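Welcome to this short tour. Open your viewer, have the selection tool ready, and follow along stop by stop.

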Protein chains: 2
Amino acid sequence: MSNTRPAEVRVAQAAGGDAKAPRTERGRRTLRKLLDAAAEEFGEKGFHEASVSSITRRAGVALGSFYTYFDSKDALFRALVADMSEKVRTSARSALHDGMGALEIERAALAAFLRFAAEHKEIYRIIDEAEFVDPTSYRQHYETIAARIADRLTAGARAGEFRDGLGELEAWALMGMNVFVGLRYVVWGGADMTADDVAAGVNRLLAEGVLRR
Amino acid sequence: MSNTRPAEVRVAQAAGGDAKAPRTERGRRTLRKLLDAAAEEFGEKGFHEASVSSITRRAGVALGSFYTYFDSKDALFRALVADMSEKVRTSARSALHDGMGALEIERAALAAFLRFAAEHKEIYRIIDEAEFVDPTSYRQHYETIAARIADRLTAGARAGEFRDGLGELEAWALMGMNVFVGLRYVVWGGADMTADDVAAGVNRLLAEGVLRR
């Protein structure tokens with residue numbers, strides 16, 4: 001995937017077609033402020049208690065500007081879920097560099113996700129609430145991530161590092177591991193393990209499983 | 001854990017202290033009907049749209065009887081989450097028998113969970129909604145399951161089948177795998193994989209990981 005698209009195109013695409021694309025840099029910043037304020041508001045209050053007026057107040061944006069970009073609170077929520085998916089993607093990608101092995105990529109991607117979640121704990125509440133508020137976005141979020149993981153697993157097998165036959169099932173299993181250790185060690189916390197500790201432990205499990213050799 | 005407690009004690013314990021314990025067999029049946037009707041109602045409508053009167057109607061139980069056992073819709077919801085946790089436990093246990101190896105136990109427990117979830121797809125919605133309606137129950141549900149898995153992992157290591165050093169982290173990872181493959185292959189479905197296929201694939205991943213040997 002190319003990262004060379006202009007920033008405003010990326011923001012609009014991340015907003016999943018639910019935001020009208022801003023045509024100026026100023027518009028792009030306004031949309032970004034609205035999405036960030038929405039993450040705070042939905043994360044703190046949940047969808048039903050959140051209000052558009054409170055979100056525009058947090059964002060320091062006029063109510064009229066809100067409706068330039070979104071038709072409704074629902075449209076903003078959908079755009080936010082797509083934006084969160086995009087942020088998960090870019091946070092994982094930013095931890096990767098050329099020459100990494102397939103197993104190392106999984107470790108680095110998980111550590112980056114855990115660090116992202118530590119900075120944005122509201123992501124769990126927002127994605128989980130999407131199951132009820134917007135099931136299509138919820139499903140799309142996980143299907144997109146699972147497809148990306150499945151691609152990495154088959155690439156790892158092609159490179160000779162992973163065994164053959166890994167696919168969708170293993171991708172869903174791996175995603176479930178990552179999501180649940182994030183819930184336990186980042187969102188709930190209190191276990192005194194760093195993102196790197198957690199990622200290393202999960203990575204060993206992924207590499208070699210549980211059997212004694 | 002002993003399974004020799006009388007049925008009424010088990011129902012009341014499963015209800016997590018939020019149901020008043022029935023003293024008669026008839027009372028026990030009424031409580032069971034209320035919990036089953038609650039699973040349907042909360043599963044179909046979600047917590048906020050669900051109503052006590054609709055639940056008693058589904059259960060064929062008088063409204064007065066409801067208040068013999070529960071103080072409120074909230075108390076019933078909490079009792080239902082505890083009851084679901086207990087059912088997950090007993091469904092997994094029922095698939096196990098003496099002489100199974102540690103890895104085989106994980107496979108059989110997952111296959112049993114997937115079959116249970118196929119019969120009770122509402123469990124995902126109910127547990128997931130607990131994150132918002134009753135966070136304490138939500139957390140307790142997963143902490144209890146993770147503790148049970150961690151015990152099985154250490155027992156497997158003690159028996160020489162699993163490697164040493166497995167614990168809470170690996171238990172959360174394993175639980176995450178199981179929950180997510182259940183979401184994908186049971187709740188969403190459409191992939192034409194049986195519970196046994198899914199459990200076998202996850203079990204191989206758990207056993208040996210992804211590295212090529």
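**Stop 1: How confident is the model?**

This is a predicted model, so start by colouring chain A by pLDDT. Among the elements of chain A, helix α1 (residues 7-14) has the lowest mean pLDDT, 50, and helix α10 (residues 195-208) has the highest, 98. Now select residues 1-9 of chain A: the pLDDT there is below 50, and beyond near neighbours in sequence this stretch has nine contacts in the model. Zoom out to the whole of chain A, and the average pLDDT is 91, with 92% of the residues scoring at least 70.

**Stop 2: An annotated stretch**

Next, select residues 28-88 of chain A. The UniProt record, an unreviewed entry, annotates these residues as "domain: HTH tetR-type". How much of this stretch is helix, and how much is strand? Here the chain is 87% helix and 0% strand, and the end C-alpha atoms lie 20 Å apart.

**Stop 3: Two packed helices**

Now select helix α5 (residues 73-94) and helix α6 (residues 102-119) of chain A. They pack at an angle of about 130°, with their axes 8 Å apart. The helices α5(A) and α6(A) are therefore oblique to each other, and their crossing is right-handed.

Show the side chains where they meet. From α5(A), the contact is made by Lys87(A), Val88(A), Ser91(A) and Ala92(A); from α6(A), by Ala109(A), Ala112(A), Phe113(A) and Phe116(A). Try colouring them by type: in this contact of α5(A) with α6(A), six residues are nonpolar, one is polar and one is charged.

Definitions and conventions: Residues numbered from 1 in each chain as written. Chains lettered and ligands numbered in written order. Predicted model: local features only at pLDDT ≥ 70, side-chain atom pairs only at ≥ 80, totals over all residues. Heavy atoms only, no water. pLDDT = per-residue confidence, 0-100. Helix = DSSP H or I, 4+ residues; strand = E, 2+ residues; numbered from the N terminus. Contact = heavy atoms within 4.5 Å. UniProt positions renumbered as here; feature names shortened; annotations may be inferred. Axes fitted to C-alpha atoms, helices over the stretch in contact; angles between N-to-C directions. Parallel < 35°, antiparallel > 145°, perpendicular 65-115°, else oblique. Left-handed = near helix turned anticlockwise from the far one by under 90°. Nonpolar A, V, L, I, M, F, W, Y, C, P; charged D, E, K, R; others polar.
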